[in-house]
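Consider how charged side chains pair within a protein chain. The structure to look at is shown here.

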2 protein chains.
Amino acid sequence: MYKVTFKFENSEDITVFAAFGENLLEVARKTNVAIDAPCNGNAACGKCKVKLVKGELESERTRHISQEEYDQGWRLSCISKIAGDVEVLVPDIASAYRSRMKVADLGSAEEIQIFEKTEQDISEAGIKFKNDLEVIRVTMNPPSLDDTMPDNERLSWAVEDLCEAEDVRISFQVLQKLAENLRKYSFDVQCVIRRKGNKVEICDLIGAKETPVVAGLAVDIGTTTVSAVLVDMLTGKILAKGSAGNGQIRYGADVINRIIEQQKVGGRKRLQDAIIGETLNPLIDTMCREASVQEEQIFRVCVASNTTMNHLLLGVDADPVRMEPYIPTFFETNSVFAGDLGLHTNSHAKVLIAPNIGSYVGGDITAGTFASMIWNKEEMSLFIDLGTNGELVFGNSEFMMSCACSAGPAFEGGDISCGMRATDGAIEACTIDKETMIPTFKIIGGEGQKPVGLCGSGIIDVISELFRCGIINPKGKFIREGERVHRDKYGMGSYVLAFKEDAASVKDIEITEVDIDNFIRAKGAIFSAICVMLRSLDFDVSMIDHIYVAGGIGSGINMKNAVYIGMFPDVDMEKFSYIGNSSLSGAYAILLSTEAQRKVAEVAHNMTYLELSNEPTYMDEFVASCFIPHTDASLFPSNQEAR
Amino acid sequence: MYKVTFKFENSEDITVFAAFGENLLEVARKTNVAIDAPCNGNAACGKCKVKLVKGELESERTRHISQEEYDQGWRLSCISKIAGDVEVLVPDIASAYRSRMKVADLGSAEEIQIFEKTEQDISEAGIKFKNDLEVIRVTMNPPSLDDTMPDNERLSWAVEDLCEAEDVRISFQVLQKLAENLRKYSFDVQCVIRRKGNKVEICDLIGAKETPVVAGLAVDIGTTTVSAVLVDMLTGKILAKGSAGNGQIRYGADVINRIIEQQKVGGRKRLQDAIIGETLNPLIDTMCREASVQEEQIFRVCVASNTTMNHLLLGVDADPVRMEPYIPTFFETNSVFAGDLGLHTNSHAKVLIAPNIGSYVGGDITAGTFASMIWNKEEMSLFIDLGTNGELVFGNSEFMMSCACSAGPAFEGGDISCGMRATDGAIEACTIDKETMIPTFKIIGGEGQKPVGLCGSGIIDVISELFRCGIINPKGKFIREGERVHRDKYGMGSYVLAFKEDAASVKDIEITEVDIDNFIRAKGAIFSAICVMLRSLDFDVSMIDHIYVAGGIGSGINMKNAVYIGMFPDVDMEKFSYIGNSSLSGAYAILLSTEAQRKVAEVAHNMTYLELSNEPTYMDEFVASCFIPHTDASLFPSNQEAR
């Protein structure tokens, strides 16, 4: 056995023992050292770079590592084998993808106003913001020698009377503590009930003078990030809000790699553990602590997520989702209770899942579309969700069409060498001085925060600025030289955003031609999808009344720049709105409103799906869109003015 | 710390360390050394006697230990404290109460004929022996690019069609494996379904060519012994049968001591663990292995047990059951699923509980009464269940009355110094030669088995024979002398059943005047209860057409002897039947037949309950019954002939 020491930029060393020939990435995973491997260890993404500080590693150089870097000690951990005692440095960027858990401060109005707006929008559309959970006061006569009815009948009769119900069911958890609670509260209690027609289920029982807590949990499970709100089911009030990286990321950044992983022996369990045990439960625990809510007081859960994510959540085989004829196990399901998943909530809590409409358009989109309210407007709206992939919905109250394009994870910082999620240290906005080529940043994390990498909105700005300043050409190739422009021995250029002295990084933060090329293909996929979908309906961009942009790209997104690089159609800036995490707002609505739940199902049923790969023009459109802004510059008239 | 070594008659020593002053019984419990303490360590029962072999113990002599025994080293472990290194011998009799698990050989017809009779009786009464579980073959078209319905809808539609159902629910376990199973079996499958009206729940899914296994579990949870059968829900066939001692016995032999224990911190969990984790689950595991059934294939459970036992099973506070005004949490409940209890069955299996009718007449009696069929006869029947207590039901198809008498555990060998359960080594029958006073035994366990102690049926025989031979008088006092009659220094007599040389015991097996007195009070409680109940209805014993004796007293019971000592009324021998464990047969019927389940509830509702302690004549009757056979010998005319 050899000693393997992991060193970090900002925390203490971790030393473990490993056998000769063991894979370094595997050793890190076993040791709980966070090293991202979006490609799941296939030497494809280059994200798992570590620096050999001392000792030996058996490791080849790959295209992700220049000879200079290799000489400095940089290695891909996924192809490195232990060959002796070794010390490696794990740079912050290597785990930037795996965000720390973050619970929001509800003091800031921003955090809750999106939910208030959702409630308001939905109520205005005539949908009751009400669910079937309520609290009732139940007062009974205590038993005596002349009145020896058992406790459960006494309670059932009283509730039957009060609710004019015909069938009262007492949940096991209430039954188990019934004797002591009825006596402790002198047969004067409050019950949390669920009422459906003339049936009532008693879910909880507390004293008449206690303050009831009836909480629910809405969750958006993104491929990269999980966001959740803990909600008061009676008032709709947000009790806590939090987010965390999806723990499955170590098995791949995209859904395909995770589906491959779940196919391996024990894989489904591993992926389920990663999302539930490692991600959701710690997040729930933290939010509960923050809001002083007991886990048993969470009586309902609503999950919005893409089809693969909700299949992996349930531990359901997701392979048929990606293999022809692309059949998910479910679009909708009412089979799931929290206890089946081991969620840290009341085990009898029903788990609502926002309906999928296909293998590539899932509950995150139906929930998001619902929250966007486009289904309730006469005007034509385009809904764009920029997650780990891109999904589009276009339509109005009469019809809706959706499609999905494999834009890849670039909008969330994936596929970009210095890319990272929109979290502390991320450059979220950028301008570049045309003369000096010196950039100015807005960095997440506030004053004094040094840059770590680039998040989605930052990438848009950087590419837009590089183009505006004539540093890159429409193909994304470097055409100016200077202190900040580097070239490797093949002449491939890169731009230094921050020298390592000014960055929270052991290396310069650079964006390379490869990165720019990856991003151009991502934005090209989005734009060409928009064009093809509109054309299939005999529409053109001038007929779009609203564009709603949602997703993890970050609220910092500069729409003008996004149009400038040809990612979004060139329409009036006023038509654009960034609506944040619409998947989570939709989940919030479904959780709280039984009518909204029904309406989302209706919206999902009415949405048609366009399979882009079946559209003959898509490939040509895509190729034409892989320029800045486009091969047909006339599509972007306002860009001419901007120059 | 001191070394404590437990020595055994038939197994290897166990040595552990304990602190000065620690209680020996507690040390044994922690070490998993089985020492019975029916009184739960209150120095009241004298069952926890061990022999000090070497070293020191701080321990007083009590009334349970003679000076001679004390000098030999006998101590009550419940009042012994560790005072140094020590070696103690734990005799077999000290753990005879805690029976080993036993899985019956179904080759012997005896083991299953009681269930066949129950099925026959019930069917003859016009009750369908059928439940709502069934297996259907479902053949679907495989999906294609033109038919992309998700798997769960495909299955639901096909089942809706086949069953003409309106609402099909797929259980989570089926959903979770749906994708792989449908593909593995080429969309040609069998479903285990539960049908209720126009609703269908799909509980399991297997290939079209596989043999379906749809099992159920019927359990009788006695205070002392747990018996169970694993059953084919489709045919009623017994797949396995087993029994085990109730693991709760270490917290007391009777319900009162266990209720006291569950009141302590963590007590409810301890008692629940003892019955579920230590008793039921190992028993289920063993039966499943025996019958090649997977635990997920057990789709329903039915439990028959007294009110305290079913409350402790559910982890429900049982204290109100024993405290005025004696209110159980439930008589009937539909709130319980196997997953709530952690039973080793399908977690979605419904747990049916035979209805209680009061604090002291529980589901074991309603199930047993049902199995006895007395509710379906015009003739007057008396049903006597001799468990750890005695319960009686009298009536016919028009009315039924029940009562409970605190007979104590004597019928199962409790309260008797050499008493034990009807298991290997128990003397189950006995005759005594009037001249020589030498006994002849029938011992459970077959040829070569040496006696360990006396079980219930054996005690009846021994007392009957001692009385017939003039060795004891009607008060149970010894009136003859001889080699086998011992006297202690106070003149208290005892009879040696087996000298230690002939016994599987380190001591002579003796029955003492105290034992005989305990038993006389137990049989007196039964007989006086019968008299008082009959009189309250204006009946007398001559009007009894049948007497059904059920319970753990053992099939060896000699009815003639039981009448001879005044335990049962003096009626024609042909009127007596021993019907075995009727509680288990009743549970079996409820498990398998939905109509039987309904009928048992009806039987329970129609049964009135007589509280004996409210009957003014009960005390006098009891005192008069505490003689052999009774102060009024004219009640037992046939005894005169027997003499």
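**Salt bridges in chain A**

In this predicted model, a salt bridge joins the side chains of Asp273(A) and Lys269(A), with an N to O distance of 3.0 Å. Both residues belong to helix H8 (residues 267–291) of chain A, where they sit 4 residues apart, about one turn of the helix. Asp273(A) is partly exposed, with a relative accessible area of 36%, and Lys269(A), at 49%, also counts as partly exposed because the class of exposed residues begins over 50%.

Some salt bridges share partners: Asp132(A), Arg169(A), Arg194(A), Glu201(A) and Arg300(A) are joined in this way into one network. Within this group, the side chains of Asp132(A) and Arg194(A) meet in a salt bridge at 3.4 Å, N to O. This pair links distant parts of the chain, 62 residues apart: Asp132(A) is in the loop between helix H3 (110–124) and strand S7 (133–139), and Arg194(A) is in strand S9 (residues 188–196). Asp132(A) counts as buried because its relative accessibility is 15%, under the 20% limit. Arg194(A) is partly exposed, at 28%.

Another pair also links distant parts of the chain: Arg183(A) in helix H6 (residues 178–184) and Asp151(A) in helix H4 (residues 151–163) are 32 residues apart. Their side chains form a salt bridge at 2.9 Å, N to O. Arg183(A) is partly exposed, with a relative accessible area of 30%, whereas Asp151(A) is buried, at 0% relative accessibility.

Over all chains, the count comes to 50 salt bridges.

Terms used:
Residues numbered from 1 in each chain as written. Chains lettered and ligands numbered in written order. Predicted model: local features only at pLDDT ≥ 70, side-chain atom pairs only at ≥ 80, totals over all residues. Heavy atoms only, no water. Salt bridge = Lys/Arg side-chain N within 4 Å of Asp/Glu carboxyl O. Helix = DSSP H or I, 4+ residues; strand = E, 2+ residues; numbered from the N terminus. Buried < 20%, exposed > 50% of the residue type's maximum accessible area, 1.4 Å probe, protein only.
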